[in-house]
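Please open the model in your viewer and keep the sequence panel beside it, since each stop on this tour is a selection to make and a short account of what is found there.

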Amino acid sequence: MTFSLTQDQIEQFDRDGFLIVENLLAPDEIEDLRARVAPLFRWEFETGLHPDETNWREGRDRPDVTRQLCNAWKADRTVARTVLRQDIGRACAQLMRWSGARINQDNLLWKPSGGGKPLGFHQDSSYQTWITPPDMMTCWMTLDETSAEGGTIAYARGSHKWGLAPPISQFHAPEDYTAELRAAAAAAGQAVELVPIVVKAGGAAFHHGRTWHGSGHNTTQRERRALVSHCMAAEARFDPRAVGYIYGRYRRWGTTEMDEAHFPILWREDGYRSPFIEAFLKDGWRFA
Ligand SMILES: O=C(O)CCC(=O)C(=O)O
């Protein structure tokens, strides 16, 4: 299944700062991904590499918070097969008018049923001061049917035009998960129109790095699992004036160039795609 944008979808995205797409994931892709979620959160890593951020582990952390791994694609080829899809990179690039898109990071999210806690409303680009251009473009994909009561992702329509605020004070399980969103709307002189993304499993939403988004409690009896490809421009480089506190470790001495092994190029309009991706999807990491 390959996704391509229509002109109408591009216009909707420009207006709203997000775009909903049904059936981005094929039924067997959803099943394969679902089967990987629990093992990954038990830290069973197929390739032997750990994700770059492991914010939750079964048996170690509170059961009611939203669980998150970042760059699970490095640990698991089933995740990589979806996160590194060429058509996702192409759509992200086209929506941002970039000549190409590369992975900044992925997120695997699991909000438990029966009260799973919120993620604070934020703008993704607030966290991108370590790259230039400091912009992000995201494809969020759900592995479960979503509902407003199920704590699905929600977007503030048109908020990508409000300017950029700093990172929020608490991302995971904040007391007041819309506090900074309300402050940003007031500062911009705008009313908040929240749009919860209600789609079937395999549905997706693309969002601009400046669009305010977050999610509330999951009060249903259904788990809420999602996989997210966060892209940046293919020509992005490390910003020499800033140190990314996690991803800065991949900076090489004497250059601001980004290593494709960590930040693969998914699609470029000249036809380029990081050549290692296909070998990695087939074999995983091979160092010897
Ligand atoms: O799924 C969610 O609750 C929020 C995910 C998110 O913040 C993102 O995809 O940028």
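Begin by selecting strand β3, residues 67–70, where R67 and L69 point one way while Q68 and C70 point the other way, and all are buried. Buried here means that 20 or more other C-beta atoms lie within 10 Å of the residue's own, exposed means 12 or fewer, and partly exposed is in between, with C-beta atoms placed from the backbone. In a regular strand the side chains alternate between the two faces of the sheet. Strands (E, at least two residues) and helices (H or I, at least four) are DSSP runs, numbered from the N terminus.

Before going further, note that this is a predicted model, in which local features need pLDDT of at least 70 and side-chain atom pairs count only at pLDDT 80 or more, whereas totals for chains, interfaces and linings use all residues. Residues are numbered from 1 along each chain as its sequence is written.

Now add the partners of β3, bearing in mind that two strands pair if DSSP finds at least two bridges between them. Strand β2, residues 53–54, is joined to β3 by two bridges and the two run antiparallel, with T54 standing opposite L69. β3 also pairs with β4 in the antiparallel sense, over four bridges; here W110 of β4 is the bridge partner of R67, and L108 of β4 is that of L69.

Just past β3, select N71, which lies in the loop between β3 and α3. N71 has a positive phi of about 65° although it is not a glycine, and with 26 other C-beta atoms within 10 Å it is buried.

Next, extend the selection to the whole of β4, residues 100–111. How many of the residues of β4 are buried? Twelve of its twelve residues are buried, so the strand is mostly covered. β4 pairs with β12 in the antiparallel sense over ten bridges, and I103 stands opposite C231 in β12. Three bridges also join β4 to strand β14, residues 265–268, again in antiparallel fashion, and R102 stands opposite I265 there.

From β4, step back along the chain to R97, in the loop between α4 and β4. Phi of R97 is near 60°, a positive value in a residue other than glycine, and R97 is exposed, with 9 other C-beta atoms within 10 Å. In helix α4, residues 86–96, select A93, which counts as buried with 23 C-beta neighbours inside 10 Å. Not counting residues up to four places away in sequence, A93 touches W98, S99, G100, A101 and W267, where contact means that the C-beta atoms, placed from the backbone, lie within 7 Å.

Which residues surround the ligand? Select N107, L109, L119, D124, T138, W140, I153, H213, S215, A226 and V228; a residue is near the molecule if its C-beta atom, placed from the backbone, lies within 6 Å of it. β4, β7 (137–142), β11 (213–215) and β12 (224–233) each supply at least two residues of this shell. The shell divides into six nonpolar, four polar and one charged residue, where Ala, Val, Leu, Ile, Met, Phe, Trp, Tyr, Cys and Pro count as nonpolar, Asp, Glu, Lys and Arg as charged, and the others, Gly among them, as polar.

Move now to helix α2, residues 27–41, whose 15 residues should span 21 Å at 1.5 Å a residue, and whose end C-alpha atoms are 22 Å apart, which agrees; the expected span is 1.5 Å times one less than the number of residues. Its buried residues are I30, L33, R36, V37, L40 and F41. Seen down the axis of α2, these fall within an arc of 130°, so they line one face of the helix, the arc being that of the directions from the helix axis to the C-beta atoms. On the other side of α2, P27, D28, E31 and A35 are exposed. What covers the buried residues of α2 includes β3, α3 (77–83), β4 and β12.

For a second helix, select α5, residues 179–188, in which E180, L181 and A184 are buried. Seen down the axis of α5, they fall within an arc of 105°, so they line one face. A183 and A186 are exposed on the face turned away from that buried side, and the cover over the buried residues includes β5 (119–122) and β8 (153–156).

Finish at P133, in the loop between β6 (131–132) and β7, where a cis peptide bond joins T132 and P133, with omega about 0°.

Definitions and conventions
Two residues are in contact if their C-beta atoms, placed from the backbone, lie within 7 Å.
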